[in-house]
Amino acid sequence: METVSENRCFDGVQTIYRHDSEACGGKMTFAVYMPPQAQDGPVPCLWYLSGLTCTHENAMTKAGLQHHAARHGLALVFPDTSPRGDDVADDEAYDLGQGASFYVNATKAPWNSHFRMYDYIVSELRDLVVGNLPVNGRHGITGHSMGGHGALTIALRNPDLYQSVSAFAPITNPTQSAWGRRQLSSYLGDDESVWADYDATILLKERGWNGDILIDQGTDDQFIDLLRPHALAEVLTQTRQPSVIRMKEGYDHSYFFVSTFGGDHVAWHADRLKAHGRQAANGSAAGNGCHAES
């Protein structure tokens, strides 16, 4: 990993890295915040996936999560939202192409040459972080909007890799939304059965989740009809999935919303990741993943 920049922050260190990515076929940039507790040994890790048009930098500079991570002793990982470069396919629309990967493994040209963000997050970048930085085996994942969609779908498909999951205003049902149907057909083709692996509402109904889920949604979100939180809420109720969906009055889709409730999410993940660590240490986890609260 090449270090692009490094800054002291809340007695920890905020670093930006660049590396060659096999999954994305080029250079990728990501950011990591290491809390002061990492000086004494490996710490749990919370992944934050950003939304449409964002890079690694948006949440790193606007969400204000470092203060909370330092207090709770969590590392933060901020990946980019897509591959980038002159040789990477793009589109004039803001919601397709660079900055709009939807965290899928594209199978359709021209996107399949670079847009393998699912593998990048789940395998390549995870291995890079775990292999080079002082983080332990306990990982949570969260994200905003398109990143909330990515966090939910990645966690639901990989319960062995993530012990906690939350989201801010996620795209919950992209197979039935204008924020999803065009993108999934472009990246994956017209077979809608293939799209199901990237739809949190469908995945939750089919696979469930071995813990609880936290979702915050603003009532004044200008994109709420595209996000379809009601679709996920219906499945959560039908499946009796332990969860908390908080409709926050007056909040919109901006990073003001994310920064207001970011501390709640960091604390929520810290509780579950540390509880999972205690269970593993006591030999009581037995591969059961995250503890589900009633």
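## Overall dimensions

For 294 residues, a compact globule would be expected to have a radius of gyration near 19 Å, and the protein agrees with this at 18 Å. The model is a predicted one. Along the principal axes, the C-alpha atoms occupy a box of roughly 50 × 45 × 40 Å.

The secondary structure consists of 10 helices and nine strands. Of the 294 residues, 58% are classed as buried. Taking the contacts between residues at least 6 apart in sequence, 71% link residues at least 24 apart.

## Surface and charge

About 11900 Å² of the protein is exposed, and 46% of that area comes from carbon and sulfur atoms. The protein carries 22 positive and 35 negative charges, and the mean positions of these two sets lie 5 Å apart.

## Confidence

Mean pLDDT is 94, with 95% of the residues at 70 or more. The stretch 284-294 stays under 50 throughout, and the model gives this stretch 22 contacts beyond four places in sequence. Where pLDDT is low, predicted coordinates should not be read in detail.

## Backbone exceptions

Most residues other than glycine have a negative phi, and most peptide bonds are trans. Several places in this model depart from that pattern. The peptide bond between Ala109 and Pro110 is cis, with omega about 0 degrees. Pro110 sits in the loop that runs between strand E5 (75-79) and helix H3 (117-132).

Asp11, which is not a glycine, has a positive phi of about 65 degrees. Its loop connects strand E1 (2-9) with strand E2 (12-21). Thr53 is also a residue other than glycine with a positive phi, in this case near 75 degrees. Thr53 belongs to the loop between strand E4 (43-49) and helix H1 (56-62). Because its relative accessibility is 52%, above the 50% cut-off, Thr53 counts as exposed.

## Strand E2 at Thr15

Thr15 is part of strand E2. Its relative accessible area is 4%, under the 20% limit, so Thr15 is buried. Beyond its neighbours within four places in sequence, Thr15 contacts Thr3, Ser5 and Glu6, along with Phe30, Ala31 and Val32. Of these partners, Thr3, Ser5 and Glu6 fall within the range of strand E1 (2-9).

## The loop between E5 and H3

Asn105 is located in the loop between E5 and H3, which is also where Pro110 of the cis peptide bond is found. With a relative accessible area of 11%, Asn105 is buried. Not counting residues up to four places away in sequence, Asn105 touches Phe115, Arg116, Met117, Tyr118 and Asp119, and also Leu188 and Tyr198. Among these, Met117, Tyr118 and Asp119 have numbers inside the span of helix H3 (117-132).

Asp87 precedes Asn105 by 18 residues in sequence, and their C-alpha atoms are 18 Å apart in space.

## Helix H2

Helix H2 covers residues 65-72 and is mostly covered, with six of its eight residues buried. The buried residues are Leu65, Gln66, His68, Ala69, Ala70 and His72. An α-helix has 3.6 residues a turn, so residues three or four places apart point the same way. Within H2, Leu65, His68 and Ala69 are among the buried residues. Gly73 follows H2 and has a positive phi, near 75 degrees.

Definitions and conventions. Residues are numbered from 1 along each chain as its sequence is written. This is a predicted model: local features need pLDDT of at least 70, side-chain atom pairs count only at pLDDT 80 or more; totals for chains, interfaces and linings use all residues. Side-chain values use heavy atoms; hydrogens and water are left out. Helices (H or I, at least four residues) and strands (E, at least two) are DSSP runs, numbered from the N terminus. Buried means under 20% relative accessible area, exposed over 50%, partly exposed in between (1.4 Å probe, protein chains only). The radius of gyration is taken over C-alpha atoms; the globule rule is 2.2 Å times the number of residues to the power 0.38. Contact means heavy atoms within 4.5 Å. Accessible areas come from the Shrake-Rupley method with a 1.4 Å probe; for residues, only the protein chains shown count as cover. Lys and Arg count as positive and Asp and Glu as negative; His and the chain ends are not counted. The place of a charge is taken as NZ of Lys, CZ of Arg, CG of Asp or CD of Glu. pLDDT is the predictor's confidence in each residue, from 0 to 100.
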